[in-house]
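Reader: I am new to this structure, and I would love a close look at one part of it. Could you walk me through the place where the two chains meet?

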Amino acid sequence: MADEHALAHSVAETVARRSYGKLIAYLAARTGDVAGAEDALADAFAEALVHWPVSGCPENAEAWLLTVARRKGLDRARRRQYEDTTDEDLEQAGAALKEGAEIPDRRLALLFACAHPALNPAVRAPLMLQAVMGLDAARIATAFLASPAAMSKRLVRAKSKIREAGIPFRLPEREELGERLNAVLAAIYAAYTEGWADAAGTDAFRQELSGEAIFLARLVAELLPEEPEALGLCALLLYAEARRGARRDAAGEFVPFERQEVTRWDGAMIAEAERLLGRAGVAGRMGRYQLEAALQSAHIARHRAGWNNWTDVLQLYDALLALTASPVVAVNRALAVAEVEGAAAGVAALPNPEGDARLRTYQPYWAVRAELLARAGDGNGARHAYEVAIGLERDPAIQRFLREKQAQVGK
Amino acid sequence: MQYLLMLYGDESAWTRMTKEQQEQGAAAYFAYTEALKQAGVLRGSNRLRPSQTATRMRAENGKTQVLDGPFADSKEKLGGYYLIEAPDLDAAMSWTARCPGVQHGTVEVRAIWQMGEAGY
């Protein structure tokens with residue numbers, strides 16, 4: 001009995017992981033009610049854990065869950081006297097169960113609903129992680145450094161807006177697809193960067209978050225294979241993920257990119273990224289994520305082969321800066337400028353932090369500024385910039401690395 | 001809005017540290033303070049003397065009572081604070097996460113009740 005229970009539990013978990021988003025998307029697409037779909041599916045999973053140990057795991061677990069979830073959803077709808085849910089839904093689900101037919105994949109429509117322009121950009125990534133991946137509000141809050149109560153409130157508000165404002169669950173028309181897709185990609189990228197912050201690998205959830213973001217990026221690339229930016233984002237995340245472990249040495253100290261051991265990179269992941277980037281290039285429509293992926297590719301090629309490709313890198317940064325006008329891009333570009341035209345030119349290429357509060361609290365800006373000032377011979381300026389960078393950093397290993405660099409200024 | 005970051009920690013840990021560790025600890029706080037200043041959000045900050053020097057007072061039935069420390073009500077003691085300006089709780093939390101206090105203790109962040117704000 002205990003074994004059967006454990007088995008039912010593990011099957012339910014596997015199904016949950018693999019099909020959660022698919023089931024939510026299918027359930028919510030008709031009613032527009034994400035929260036309702038989540039509640040119904042949670043009820044269905046609970047019921048599965050009661051029945052499966054007794055009657056055995058059904059052959060088509062997804063269809064079983066869908067049928068029960070629909071019935072639960074219907075019960076709730078009736079209790080609330082909603083009139084827009086009919087028995088027809090239940091019959092359709094029943095048919096899927098009998099024939100063992102595949103449940104149609106509407107996750108892409110769900111992703112577009114979660115990244116709808118009518119929703120606050122800050123809630124889009126958390127919403128995707130919850131609706132498509134089934135992560136709970138408390139864990140999402142931890143990853144995004146928000147309080148669990150506030151995150152939960154934001155998610156509830158977003159879901160009720162989707163339902164009440166009638167945000168559609170469909171793929172956008174071709175003319176608006178590019179812009180809408182960017183919102184989806186930006187949210188996935190945001191989720192990935194939150195997970196990437198945990199370089200030490202001590203925070204299991206953050207590491208998991210990167211994995212979830214890559215899952216979503218692969219999903220979008222698979223479902224929209226003709227969209228070069230979807231492929232570009234997937235490539236970008238894989239390039240980064242391939243180097244995740246190499247950012248720390250055996251003693252847990254920070255290893256900057258130029259000193260990373262190539263053997264500790266994931267070669268298969270880099271190869272996959274190269275293939276995706278190549279396929280994206282065929283479309284001949286350049287974009288932000290393809291450019292960022294191309295930069296990763298160039299940095300990796302330089303490090304592996306030892307050749308100097310800084311002029312190419314600078315050209316890519318120029319294109320990226322022209323496209324995004326992002327101060328973050330300008331900071332990284334300044335490093336490339338310094339490599340090609342010298343440290344003083346690099347300092348001059350740094351963006352101006354006056355009146356830009358975000359840049360003034362952006363650790364890499366101060367670290368790059370310190371590095372360039374040190375190379376240009378301004379020791380005092382460099383030491384002060386390192387001081388600010390250290391104060392802005394959360395990770396003790398990176399703080400120690402910066403402290404060491406600071407101590408070396410002028411030596 | 002203003003937020004008070006209250007730094008709680010185990011006081012005896014500091015005295016158990018080597019001189020070098022203490023210097024590193026102080027340097028982390030110096031860098032953090034510098035970053036807050038540079039961002040223009042620092043409104044005040046102080047480190048408190050150890051809690052065994054604390055005195056508590058309360059009036060009961062019109063009689064003032066004085067209680068001399070140390071008080072053993074919790075292991076982590078308030079050791080200092082930062083008063084910062086931040087547009088919302090998320091921004092205040094992102095500053096709190098960078099505070100060296102979170103590495104060796106607990107930092108509690110609370111919004112300041114603004115003068116003239118309606119109480120409820």
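Author: Happy to! Let us begin with a word we will need: contact means heavy atoms within 4.5 Å. By that rule, 17 residues of chain A are in contact with 17 residues of chain B.

Before going further, a note on the model and its labels. This is a predicted model, in which local features need pLDDT of at least 70 and side-chain atom pairs count only at pLDDT 80 or more, while totals for chains, interfaces and linings use all residues. Residues are numbered from 1 along each chain as its sequence is written, chains are lettered from A and ligands numbered from 1 in the order in which they are written, and side-chain values use heavy atoms, with hydrogens and water left out.

Now back to the meeting place. The size of an interface is often given as the accessible area lost when the parts come together. Here chain A and chain B bury about 1500 Å² between them, with 60% of it on carbon and sulfur atoms; buried area is the accessible area (1.4 Å probe) that two parts lose on being put together, summed over both.

What about charges and polar atoms? The rule finds 0 salt bridges across the interface of chain A and chain B, a salt bridge being a side-chain nitrogen of Lys or Arg within 4 Å of a carboxyl oxygen of Asp or Glu. Between chain A and chain B there are 6 residue pairs in polar contact, both residues at pLDDT 80 or more. A polar contact is a pair of N or O atoms within 3.5 Å; within protein, one must be able to donate a hydrogen and the other to accept it, and residues adjacent in sequence count only if both atoms are side-chain atoms.

On the side of chain A that touches chain B, the elements giving two or more residues are α19 (379–392) and α20 (396–408) of chain A. Of these, α19(A) gives the most, with 6 residues. Helices (H or I, at least four residues) and strands (E, at least two) are DSSP runs, numbered from the N terminus. By class, this side of chain A has 7 nonpolar, 4 polar and 6 charged residues. Ala, Val, Leu, Ile, Met, Phe, Trp, Tyr, Cys and Pro count as nonpolar, Asp, Glu, Lys and Arg as charged, and the others, Gly among them, as polar.

For the wider setting, chain A has 20 helices and 0 strands, and its C-alpha atoms fill a box of roughly 75 × 50 × 40 Å, taken along the principal axes.
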